[in-house]
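Colleague: Got a minute to go through this model with me? I'd like to hear the reasoning behind the labels.

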Amino acid sequence: MTICLQLDHVNYSYGAAKIRVLSDVNADFESGKMYAITGPSGAGKSTLLSLLAGLDAPSDGVVRFEGEDIATTGYSKHRREHVSLVFQDHNLIDYLTPEENLRLVNPKADMKISRSGLSREESKRNIMHLSGGQRQRVAVGRALVAPGRAILADEPTGSLDPEMTDEVIDLLRHAAHQLGKCVIVVTHSKRVADSADAVYTLRHKKLASIALSHRPRLPSWPARTAPMPLPPSSSAAKRVSGLRRGSVTFLGLVADPRRPCRPPS
């Protein structure tokens, strides 16, 4: 397997007092595998994910993507071309449809490729007319169709029920095992951790491997029932192409300039 992301003696401190969060962290993350990072709240898991995503820089040490220091190749290039982020809150463009959200990161994407499990009619709805679980599946599906070769997910199942959790896990495993992506998930969920190929725990500023095993693929979800019809949306092509021209791609997501936002810290 190819090493996709690598942490090489990474340290991270913040503030004038130089409060240490991570200390001499080393790890190799391979393409084609799903990793879970566990640990208590406040241990620095989201900080670790931010370093892998190029959202922040380590105080010492090196973060590499396919052998290249991301500080040398450029953080913006890394965020734009190499990684996609999935958050606990879906972070979709709320006035677009699921299909339009996918085509913001890949103009050729379709709902079948994203494996979102939505019907044709659901894929044409406004995103806010879907359930929370459906929106999260679209968010993961968007990462699947994005060009980045790594998916970094921060508590993607934190607000989902067990059934929806299994569906999101199935998508993430598909991204790793069938699409060959490197999938790294920060989670408190034992279900997610048990479904990963390797599990790391972050405690006392150190990252340690606690499990590595081959696990059977989870079953796919059952077919969905027909949704309640809604009024058709306006032209998808015009809205998507117009937004793409005036937007900035960020970690495989799209930030709408009319709704400014700042990256998570």
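What follows is a chat about how those labels are reached.

Modeller: Keep in mind that this is a predicted model. The chain has 10 helices and 12 strands, and buried residues make up 49% of its 265 residues.

Colleague: Let's begin with helix packing. Why is α7 called roughly parallel to α8?

Modeller: The axes of α7 (residues 132–145) and α8 (residues 162–177) cross at roughly 5° and come within 10 Å. Angles under 35 degrees count as roughly parallel, so α7 gets that label relative to α8.

Colleague: Which residues make the contact?

Modeller: From α7 there are Gly 133, Gln 134, Gln 136, Arg 137, Val 140 and Leu 144. On the α8 side you'll find Met 164, Glu 167, Val 168, Leu 171, Leu 172, His 174 and Ala 175. Sorted by type, the residues of this contact give 7 nonpolar, 4 polar and 2 charged.

Colleague: On to burial. What makes α1 mostly covered?

Modeller: Of the 9 residues in α1 (residues 45–53), 7 are buried, and buried means under 20% relative accessible area. The buried ones are Lys 45, Leu 48, Leu 49, Ser 50, Leu 51, Leu 52 and Ala 53. Just after α1, Gly 54 has a positive phi of about 80°.

Colleague: Which residues have the most contacts inside the largest nonpolar core?

Modeller: Those are Leu 5, Leu 7, Phe 29, Leu 152, Ile 184 and Leu 207, in a core of 33 residues. Leaving out residues up to four places away in sequence, Leu 7 touches Val 25, Asn 26, Ala 27, Phe 29, Leu 48, Leu 52, Val 62 and Val 63. Another core, of 22 residues, lies apart from the largest one and includes Leu 144, Val 168, Ala 193 and Val 199. In soluble globular proteins, nonpolar side chains tend to be buried together.

Colleague: Now the charged pairs. How do you know that Lys 124 and Glu 99 form a salt bridge?

Modeller: Their closest N and O atoms are 2.5 Å apart, and the cut-off is 4 Å, so the pair qualifies. Lys 124 sits in the loop between α6 (120–123) and α7, while Glu 99 belongs to α4 (residues 98–105), so this pair ties together parts that are 25 residues apart in sequence.

Colleague: Are the two partners, Lys 124 and Glu 99, buried or partly exposed?

Modeller: One of each. Lys 124 has 34% relative accessibility and therefore counts as partly exposed. Glu 99, with a relative accessible area of 8%, is buried.

Colleague: What about Arg 125 and Glu 121: what makes theirs a salt bridge?

Modeller: The closest N and O atoms of Arg 125 and Glu 121 are 3.2 Å apart, which is within 4 Å. Arg 125 counts as buried at 10% relative accessibility, whereas Glu 121 is partly exposed at 28%. Elsewhere, Lys 77, Arg 80 and Glu 81 are joined into one network by salt bridges that share partners.

Colleague: And why does Lys 33 count as partly exposed?

Modeller: Its relative accessibility is 21%, and buried means under 20%, so Lys 33 counts as partly exposed. Glu 30 also gets the partly exposed label, at 21%. The side chains of Lys 33 and Glu 30 meet in a salt bridge, at 3.1 Å from N to O.

Colleague: How many salt bridges does the rule give?

Modeller: The count comes to 11.

Notes:
Residues are numbered from 1 along each chain as its sequence is written. This is a predicted model: local features need pLDDT of at least 70, side-chain atom pairs count only at pLDDT 80 or more; totals for chains, interfaces and linings use all residues. Side-chain values use heavy atoms; hydrogens and water are left out. Axes are lines fitted to C-alpha atoms, for helices over the stretch in contact, and angles run from 0 to 180 degrees between N-to-C directions. Helices (H or I, at least four residues) and strands (E, at least two) are DSSP runs, numbered from the N terminus. Angles under 35 degrees count as roughly parallel, over 145 as roughly antiparallel, 65 to 115 as roughly perpendicular and the rest as oblique. Contact means heavy atoms within 4.5 Å. Ala, Val, Leu, Ile, Met, Phe, Trp, Tyr, Cys and Pro count as nonpolar, Asp, Glu, Lys and Arg as charged, and the others, Gly among them, as polar. A nonpolar core is a set of buried Ala, Val, Leu, Ile, Met, Phe, Trp, Tyr and Cys residues joined through side-chain atoms within 4.5 Å. Buried means under 20% relative accessible area, exposed over 50%, partly exposed in between (1.4 Å probe, protein chains only).
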